[in-house]
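Reader: Before we begin, could you take me through how the terms used for this model are justified?

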Amino acid sequence: MENLLRPVIVVGGSVVLTVLIGWATDRLLCKADRRHPETPLWGLLRRGRIPYQLVLAVAMLRGSYDAARLLQDHRTGIGQALTLVLIGSTAWLVIRIAAAIVETSYSRYARMHHDPARVRRVRTQVTLIMRVVSAVVGVVAAASMLLTFPPMRAAGASLLASAGILGIVAGVAAQSTLSNMFAGLQIAFGDMVRIGDTVVVDGEWGTVEEITLTFLTVRTWDERRITMPVSYFTSKPFENWSRGTPQMTGIVYWHVDHNAPVELMREKLRDILRECPAWDGRACGLDVTDTTPNTLQVRALVTAKDADDIWTVRVRVREEMVRWLSREHPYALPKVNTSDAAPPPGRLPGQSVSPGGPARRVHETPRPGR
């Protein structure tokens, strides 16, 4: 009877204590969350209740297993398994606690600072810091699990002795991966590009959606995802439209006839922008920037508060101006001239001027068979 009750009491008591302690801790966190609504820390800590209860249960079972005298023939293997689970659950709990602290710090910073660029920079740094912390905790946990096996302890000395050679070989073999990792840290703390920035990479316009230690994802305007190594952004030039102030200046081009009413186009541009909510009112202008034998190149400059609005303003101005020209001034649209060119003043058609002499009449000799 004693051999039956002892395991039940030990295992059952461990489970009951785990449930009670976990429930009491969760109630305290809920109470603290209601009392301090200005910080999300206590609510975020509740996400770690599963690894927390797992650590409690495994720790109690590991400490009281010898007293339970259960499966004595497999005592070593069961103890080893409980130790491995305890190490893994502890690493899981540490990552959850670190994530709650980092997320709370970021939320507090975002509330105190209203500059979107600085908030995106901190968000990028926080994301990469959490990835580094998770990687470090995972490596330490894996190493601790391996060191629980006696053969691995004996091999530790030889591994440390050959660490220099192994480091050189690993560095040469993983040169690309290591360069991407260092590039990711450089991007995070060098403020080159941040999550939420609007960038142009290889002619593709999009928004930075994710940054890791090895790759970066850009979400394009048509919902595609472009994934590229982070080392690209440290070795090649790219456009970052969110760098500095988000305000932008856009350009719209038209090709019109030489007789186009440029002054009326300037007035129409101002009318279009007054009715466009995306225009920020900072500046606008319209000038003739180039000519061709058949057309004038007219350029309009418009401004907006960010990249999304500048796109809206450019599309609106281009469409409204072409529609107005087609309706009010159709002669201003580009066309191909098929009539004879007008002669200069004082010269008759078919008359040429010889150098140093008066104008003379040029008679065309008829061709045979004409």
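**Strands, pocket and exposure**

Author: V201 stands opposite E204 in β2, and since this is a predicted model, what follows describes computed coordinates.

Reader: What makes β1 and β2 a pair of strands?

Author: Two strands count as paired if at least two bridges are found between them, and four bridges join β1, residues 198–201, to β2, so the condition is met. The two strands run antiparallel, and in their hairpin, which has two residues between the strands, D202 takes a positive phi near 55 degrees.

Reader: How do you know that β2 also pairs with β3?

Author: The cut-off is again at least two bridges, and β2 and β3 pair over five bridges in the antiparallel sense, so they too qualify as a pair. One example is E210, whose bridge partner in β3 is T217, and the hairpin that β2 and β3 form has three residues between them.

Reader: What joins β3 to β4?

Author: Strand β3, residues 215–220, is joined to β4 by five bridges, and the two run antiparallel; L216, for instance, has M228 in β4 as its bridge partner.

Reader: Why are β4 and β5 said to stand at the edges of the sheet?

Author: The open sheet of five strands has the order β4-β3-β2-β1-β5, with antiparallel pairing. Because β4 (225–229) and β5 (239–240) each have a single partner strand, one side of each is left without a neighbour in the sheet. In the protein as a whole, the secondary structure comes to 11 helices and 10 strands.

Reader: Which residues line the largest pocket, and what is its volume?

Author: The volume of the largest pocket is about 290 Å³, and its lining consists of E204, W205, W221, W241, M248, T249, G250, I251, A307, I310, W311 and R314. At least two lining residues come from each of β2 (204–211), β6 (248–256) and α11 (307–328). E204, the residue opposite V201, is therefore one that takes part both in the strand pairing and in the lining, because a lining residue has an atom within 4 Å of a pocket point.

Reader: How does the lining of the largest pocket divide into nonpolar, polar and charged residues?

Author: The lining has eight nonpolar, two polar and two charged residues. Glu and Arg count as charged, so E204 and R314 fall in that class, whereas Gly is counted among the polar residues, and G250 is therefore classed as polar.

Reader: Why is G43 called partly exposed, and where is G43 found?

Author: Buried means under 20% relative accessible area and exposed means over 50%; G43 has a relative accessible area of 26%, so G43 lies between the two limits and is partly exposed. G43 is found in helix α2, residues 41–45, and its C-alpha is 9.8 Å from that of K31, with the two residues 12 apart in sequence.

Reader: What makes L146 buried, partly exposed or exposed?

Author: For L146 the relative accessible area is 44%, and because this value is neither under 20% nor over 50%, L146 is partly exposed. L146 is found in helix α5, residues 116–147, and L146 and L84 are 62 residues apart in sequence but 9.0 Å apart in space, C-alpha to C-alpha.

Reader: How many of the residues in the protein are buried, as a percentage?

Author: With the limit at under 20% relative accessible area, buried residues make up 31% of the 370 residues. The accessible surface comes to about 23200 Å², of which 62% belongs to carbon and sulfur atoms.

Key: Residues numbered from 1 in each chain as written. Predicted model: local features only at pLDDT ≥ 70, side-chain atom pairs only at ≥ 80, totals over all residues. Heavy atoms only, no water. 1 Å grid on protein atoms, 1.4 Å probe; cavity = no way out; pocket = protein on both sides within 12 Å on 5 of 7 lines; lining within 4 Å. Points joined across faces, edges and corners; volume = space filled by probe spheres on them. Buried < 20%, exposed > 50% of the residue type's maximum accessible area, 1.4 Å probe, protein only. Areas by Shrake-Rupley, 256 points an atom, 1.4 Å probe, with all protein chains shown as cover.
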